[in-house]
Each structure stands twice: as C-alpha cells, then as structure tokens.
Amino acid sequence: MIRGTNVTTLGRRRSVSIEVEHLESWIGSEARGRSGEKLGKIDDVYFAGPDPVAIDIRSGLGGRKHHAATLTGASVSQDGIRLAVEKDDLVSTDGGPLTSGQIAALYGQVDQLHSAQPEQLESWHEREKLR
C-alpha cells in the first residue's frame, strides 16, 4: 500500500492509501520531481516482493527515453505521482528489467533494494502476463 495526499475541493489535504491492485491506474500518469517538474509518464512499476519500490518513467520525443526512480517518499496527487527525487537523481534504463547496476544506483534511495538482484524484482507488466 502506498500513502499519498489528495487535495479536496475545499483545499484541505487528506491521507489516501492506494491498494497495490490499483497501481495499473498509475501507468500513463504524470511523474513529477520533488519540486513539481514534469519528469515523464509512468510506464511500469517494479516490486520487491509484494511492495512497489520503483517506477519506470518514459520521456523525450515519442517516449524513447526511460528512467527509473524509487517510490520512497512519493506522494499521490491529482496531477500524478510526486517523487522525492529530482531529474538528476533518475537512473537511465532501456525500459526493460532493471540490471544489477541500475538497482545499485537506486539502492541509495530505498533500503528495500539493498543486495537485490534483477531476478528479485518484478514489473507490473510481468505480473500481468502471468495472470
């Protein structure tokens, strides 16, 4: 479960929990950096066991660039997912499974990736193929 904030029409913030089953609604949503800068669209969600720990972000002309970012400190809002990192903190990927080097680069942002190997992470798209 991910906790986030949602702004009501009265301008008050309230806590929101998103069940893992609803993560598919994140695909295609806007990913923003800590300062609110648009980073791109969420293309996939990576799991370490049952917990979502990172996302794949598509950006650039035609969505050809892929980057990964952790969900540690992320919040959910009306305009997408706001990450606790900035553009310079993103890890460049090819849009496929994360490599051990990419996981190591993300490790500084999330403890759940400590000593994780690529085969220990599963993407949302991989899970859907198994259903």
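Strands β4 and β5 pair in the antiparallel sense over seven bridges, where pairing requires that DSSP finds at least two bridges between two strands. The model you are looking at is predicted, so local features need pLDDT of at least 70 and side-chain atom pairs count only at pLDDT 80 or more, while totals for chains, interfaces and linings use all residues. Residues are numbered from 1 along each chain as its sequence is written, and side-chain values use heavy atoms, with hydrogens and water left out.

**The chain as a whole**

Let's step back for a moment. The protein chain holds two helices and 10 strands, and from the N terminus the order is β-β-β-β-β-β-β-β-β-α-β-α. Helices (H or I, at least four residues) and strands (E, at least two) are DSSP runs, numbered from the N terminus. Of the 131 residues in the protein chain, 42% are buried; buried means under 20% relative accessible area, exposed over 50%, and partly exposed in between, with a 1.4 Å probe and protein chains only. About 7,400 Å² of the protein chain is exposed, and carbon and sulfur atoms supply 49% of that area, as computed by the Shrake-Rupley method with a 1.4 Å probe.

**Strand β5 and its two partners**

Strand β5 is a good place to start exploring. Seven of its nine residues are buried, so β5 is largely enclosed by the rest of the structure. On one side of the pairing list is β4, and on the other is β6, which runs antiparallel to β5 and is joined to it by six bridges. I57 appears in both pairings: I57 in β5 is the bridge partner of I42, and H67 in β6 is the bridge partner of I57. Each pair of strands also forms a hairpin, as the table shows.

| Hairpin | Residues between the strands | Turn glycine and its positive phi |
|---|---|---|
| β4 and β5 | two residues | G49, about 70° |
| β5 and β6 | five residues | G60, about 80° |

Next, two residues around the second hairpin. S59 is found in strand β5 and, at 16% relative accessibility, counts as buried. Leaving aside residues up to four places away in sequence, S59 touches L39, G40, R64, K65 and H67; contact means heavy atoms within 4.5 Å. R64 lies in the loop between β5 and β6 and is exposed, with a relative accessible area of 71%. The C-alpha atoms of R64 and G95 are separated by 8.9 Å, although the two residues are 31 apart along the chain.

**Nonpolar cores**

The largest nonpolar core has 17 residues, of which W26, I55, I57, I81 and L83 touch the most other members. Such a core is a set of buried Ala, Val, Leu, Ile, Met, Phe, Trp, Tyr and Cys residues joined through side-chain atoms within 4.5 Å. Strands β4 and β5 are the elements that give two or more residues to this core, and β4 supplies the largest share, four residues. Apart from this core lies another, of 10 residues, among them A48, A54, L98 and L106.

**Helix α1**

In helix α1 (residues 100–107), Q102, I103 and L106 are buried. They cover an arc of only 100° around the axis, which puts them on the same side of α1; the arc is that of the directions from the helix axis to the C-beta atoms. These buried residues pack against β5 (51–59), β6 (65–70), β9 (91–93) and β10 (121–123).
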